[in-house]
Amino acid sequence: MNLAFIINDIKTEKAVYTTVHLALAAHRMGHKIYLIGAGELAYTTDGRMSASAHTVKDTKYKSSDVFLKVLRDSEPINITSDDLDVLFIRNDPSDDQNDRTWAQNSPYVFGQIAMKNGVLVLNHPVTLPNSINKMYFQHFPEIIRPKTIITRDQMEIEQFFKEQKNKMILKPLQGSGGKNVFLIEEKTKKNLKQIIEAINRDGYIIAQEYLPKAKDGDTRMFLMNGEPLKVGGKYAAIRRVNANGDIRSNIHAGGHPEKAKVDETMLKLADVLRPKLIQDGMFLIGIDIVGDKLMEVNVFSPGTLNLMSDEYGVDFCKAVIEAIERKVQYKQTYGENVDNATLAIL
């Protein structure tokens, strides 16, 4: 199959990113792969999506570093939706929220065109724009979420702080990777006004209940087709342990990965998410769990899947590509009789 990945920009992509490892897995399995930057999409006069894409020849690559270097150094070629079986949207909108706001939505707009052209688009491009910020998280059942308010009003945040017994988390509504996440408590409340003003510059603020277990880190788990991703009896899940003195457990914010013990509580929590994920056509997502609460749902470009593969000695990326292969077979069999949102979650 011909499989294209939409990323933010080939220049900023890194060899450790999950998207690169997914593309490498697909290449090793004999598929034609393309990487397309969010600013390299276009619309043709005959109504097709087109793109300036980077690809590689049928060469074996031992590492993601070499693979990405060849992709980055390759001369871009022009392709259209006629050349593709699958378009996998894997950009991170928060990376473009300051300097390239126009690039945040372009993958979903052009993804919808590709879908109309008969391309299987993952995750479903019609519902993805609804998830462009953390408000999507609030659509899941309240029983699995920490107590939360979303506002720009300082007085509301101060009142919430009192209700939470002078301990809470503040973070921007739009963002990822642990950017601008603050723990506010008695000894730091003197800085509350300045922190609110700083986050307010980028939009709305999430004020969230502090979970004591968060000091021990969180667990990132992948869900595929609405269920925990599992290969060889091992779940695609990893504990992300905070760096000393840091409330964030994100890997590129200083956290480090450890093997995770997936228990019944986590599996039940994941099962509660399933109906909404199926409804929205969310093929591959990452969820972050602290105790019995869901902290975040990442439907765009969740990372660490390659780290999980290394940790457990199984190839989770290959399993994802195999799932996409089955979807393409379904699409070839049923044609337009099965819609994109349904195929995305089968």
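**Pockets, cavities and an antiparallel sheet in a predicted model**

In this predicted model, the residues that line the second largest pocket divide into 4 nonpolar, 4 polar and 5 charged. The lining of this pocket comprises 13 residues, among which K213, R239, M266, V290 and G291 lie nearest the centre of the pocket, and the elements that give two or more residues to this lining are α6 (264-280) and β18 (284-290). The space within the second largest pocket comes to about 230 Å³.

Enclosed space was examined as well. Rolling a probe the size of a water molecule over the atoms shows where empty space is left. The count of cavities of 30 Å³ or more comes to 2, and about 30 Å³ of space lies in the second largest cavity. The second largest cavity is lined by K134, F137, Q138, K171, I206, Q208, M295 and E296, with β11 (205-209) and β19 (293-298) as the elements that give two or more residues to its lining. By residue class, the lining of the second largest cavity holds 3 nonpolar, 2 polar and 3 charged residues.

Strand β11 also takes part in an open sheet of 4 strands, which follow the order β8-β11-β9-β10 with antiparallel pairing. The edges of the sheet are occupied by β8 (148-151) and β10 (182-185), each of which has a single partner strand, so that one side of each is left without a neighbour in the sheet. Neighbouring strands of this sheet are turned against each other by 25° on average, direction ignored. Within the sheet, strand β9 (residues 167-172) and β11 run antiparallel and are joined by 5 bridges; I169, for instance, has Q208 in β11 as its bridge partner, and Q208 is also one of the residues that line the second largest cavity.

Two helices pack on this sheet. Helix α4 (residues 154-163) touches β8, β9, β10 and β11, and the direction of this helix makes about 165° with that of β8. Helix α5 (residues 192-200) touches β9, β10 and β11, and its direction makes about 25° with that of β9.

A parallel pairing is found elsewhere in the model, where β1 and strand β2 (residues 32-37) are paired over 6 bridges, and where A4 has Y34 in β2 as its bridge partner. Strand β1 (residues 2-7) is mostly covered, with 5 of its 6 residues buried.

Several loops carry backbone features that deserve separate mention. The peptide bond from L122 to N123 is cis, with omega near -20°, and N123 belongs to the loop between β7 (120-122) and β8. In the loop between α4 and β9, which contains K165, the phi angle of K165 is near 60°, a positive value in a residue other than glycine. A positive phi, near 85°, is likewise found for T304, again a residue other than glycine, and T304 lies in the loop between β19 and α7 (305-312). The surroundings of these residues can be described by their accessibility: K165 counts as exposed because its relative accessibility is 74%, where exposed means over 50%, whereas T304, with a relative accessible area of 11%, is buried, since buried means under 20%.

Technical notes
Residues numbered from 1 in each chain as written. Predicted model: local features only at pLDDT ≥ 70, side-chain atom pairs only at ≥ 80, totals over all residues. Heavy atoms only, no water. 1 Å grid on protein atoms, 1.4 Å probe; cavity = no way out; pocket = protein on both sides within 12 Å on 5 of 7 lines; lining within 4 Å. Points joined across faces, edges and corners; volume = space filled by probe spheres on them. Nonpolar A, V, L, I, M, F, W, Y, C, P; charged D, E, K, R; others polar. Pairing = 2+ DSSP bridges. Axes fitted to C-alpha atoms, helices over the stretch in contact; angles between N-to-C directions. Contact = heavy atoms within 4.5 Å. Buried < 20%, exposed > 50% of the residue type's maximum accessible area, 1.4 Å probe, protein only.
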